[in-house]
Amino acid sequence: MPMGTPKKIKKKQTPEAQFHSSLTLCSKHKDLPAAISLYESAVSQNTRLNHHHFNTLLYLCSNSVADPSIKQLSLENGFRMFDHMLSIGILPNEATITAMARLAAAKGDGDYAFGLVKGMEKYKIFPRLRSYDPALFCFCEKLEAEKAYEVEEHMGMVGVSLEEPEIAALLKVSAETGNGERVYGYLHKLRNAGRCVSESTAKNIEDWFCGGAACEVGEVNWDSVRVKESVLRNGGGWHGQGWIGKGVWDVRRANVDLSSSQCSCCDERLVCVDLDCAETERFAQSVAALAMEREVKSNFSEFQDWLDKHAEYEAIVDGANIGLYQQNFADGGFSLTQLDAVVKELYNRSGGKWPLVVMHNRRFRGLVENPSHRKLFEEWMGKGILYATPSGSNDDWYWLYAAVKLKCLLVTNDEMRDHIFELLGSSFFLKWKERHQVHLLVRYTFAKGNLKLQMPPTYSSVIQESENGSWHVPVADESCQEPARTWLCITRQSVSKACGEVSQKLASSQNGGICDNHELRSCTSDSVASHNDKTTIVTGKRKERSPSPSHLNISPA
């Protein structure tokens, strides 16, 4: 009879292992009293504690301060454990400092919390946003505004960016201490930080504008021309020149009409907000730098030179993406007819301006071998519609660079999630794709065989500051969909009336056409589009369109 497999003898746990296992259970159940008892027992038995044990204990302490019944227990033991940790030579890490900063802030000692963060340098620790929050929020709650500004300054020095909760707290303390200039600055930081504000942030903004201090801020005699120029230079939607006018603010909740982009309260038109000129140039340079790292440098440089000489395009077409769109069916393939339909539709919409189609040379050569395609390609080349990227290149770099550089519409359904776009992890790319894509991107569909271009929305759902000093602030809700979204409409009636008179005088003295609906618009170094009044100012004469590059030769059949 075979012998059975002997049972494994359970190994006895060391005191350290037992402590670790029990502490993990306390952390899982958020049981601070049990964890403190466990700690006391371990200390009395000289159990060796490590970094992880102390961090777990401090985490439990800092997370328990919100419970009034054990707040004092958390504070007393948290500081005692921290002192014990340092006394036995265990150095803190970022999590340790953050937990202690939270405990200090819970005691109302923002100075101690901030001191801990400033002292992280000696441990060669890099602070995170959460490391600063306890000190910042503590100072803001106690109306110690100057100390809160000092925290913000230190964050900037180490490269930690503010997010909405931090900006909202700084705005609130600035409002409650009557610092109008700071409030103005934080409104613009909120504008940069995201699209919509939370309901609590909206309440902070309302409280400021409804208060007495807000009535006193602003310039009575402002330079309206300088304000208008700033709006144009910034890409629309804000000027950054400071408060305009004086007097009581009218604060209401409104909606914005999706088709007209008009506010339901003040009738002002909101605008499509674009990257400003400096951001656009830096973004274009970053795209070009990455492209030249991965492409044949001379090829991409040649394209840049060509584009500089042909900067009049108002739309760039991703030829491969459009030609292959919805062609994944039997007998489906690259549809030149579909691509041509898009080209013609863009031409008609723009008042007779041809777009630029970017296509890989390999695809171009394959298509042109078909005799039925030759005539169309000859027409495109003669009108300068087509640019074929060189063999071995990635055409994505070319159409992306062209769209950014010329600041014009991009016709593609490519959501740009490929690895090459991940390389553009800069704020410019995220801002362009996620926030300003509505202005630069045209999505299209082909419903029942008929071409339909879905143009960008008429306005951007971001905080907007108009030329007359009014503000429109989008408030986040569950749906976050226009036109149901609630906006704060913040105006000064006397200022709005004065600005209306000035705008009429400026309009009568400037040359420019009125663009209705969603005409194609470009904004290059020689042209600036004001999406607020739909006036386009263009300097210089329009150049004649040159033929497509000479490397696009069609051999005789």
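**Confidence and two helices of the predicted model**

Residues 434-442 stay under a pLDDT of 50, and the model gives this stretch 42 contacts beyond four places in sequence. A second stretch, residues 509-543, also has pLDDT below 50. Its contacts in the model, beyond near neighbours in sequence, number 72. Where pLDDT is low, the predicted coordinates should not be read in detail. The structure is a predicted model. Mean pLDDT over the protein is 83, and 79% of the residues reach 70 or more.

Helix α4 covers residues 71-87 and has 17 residues. From its first C-alpha to its last, α4 reaches 24 Å. This is close to the 24 Å expected at 1.5 Å a residue. Buried positions in α4 are S74, L75, N77, G78, F79, M81, F82 and M85. The cover over these buried residues includes α2 (32-44), α3 (51-63), α5 (94-106) and α6. After α4 comes G89, with a positive phi near 85°.

Helix α8 takes up residues 145-158. Its 14 residues should span 20 Å at 1.5 Å a residue, and the end C-alpha atoms lie 20 Å apart, so the two values agree. In α8, the buried residues are A145, A148, Y149, V151, E152, H154 and M155. Among the elements that cover them are α6 (110-118), α7 (129-141), α9 (164-176) and α10 (180-193). G159, just after α8, adopts a positive phi of about 80°.

Helix α6 thus recurs: it is part of what covers the buried residues of α4, and also part of what covers those of α8.

Notes
Residues numbered from 1 in each chain as written. Predicted model: local features only at pLDDT ≥ 70, side-chain atom pairs only at ≥ 80, totals over all residues. Heavy atoms only, no water. Helix = DSSP H or I, 4+ residues; strand = E, 2+ residues; numbered from the N terminus. Expected span 1.5 Å × (residues − 1). Buried < 20%, exposed > 50% of the residue type's maximum accessible area, 1.4 Å probe, protein only. Contact = heavy atoms within 4.5 Å. pLDDT = per-residue confidence, 0-100.
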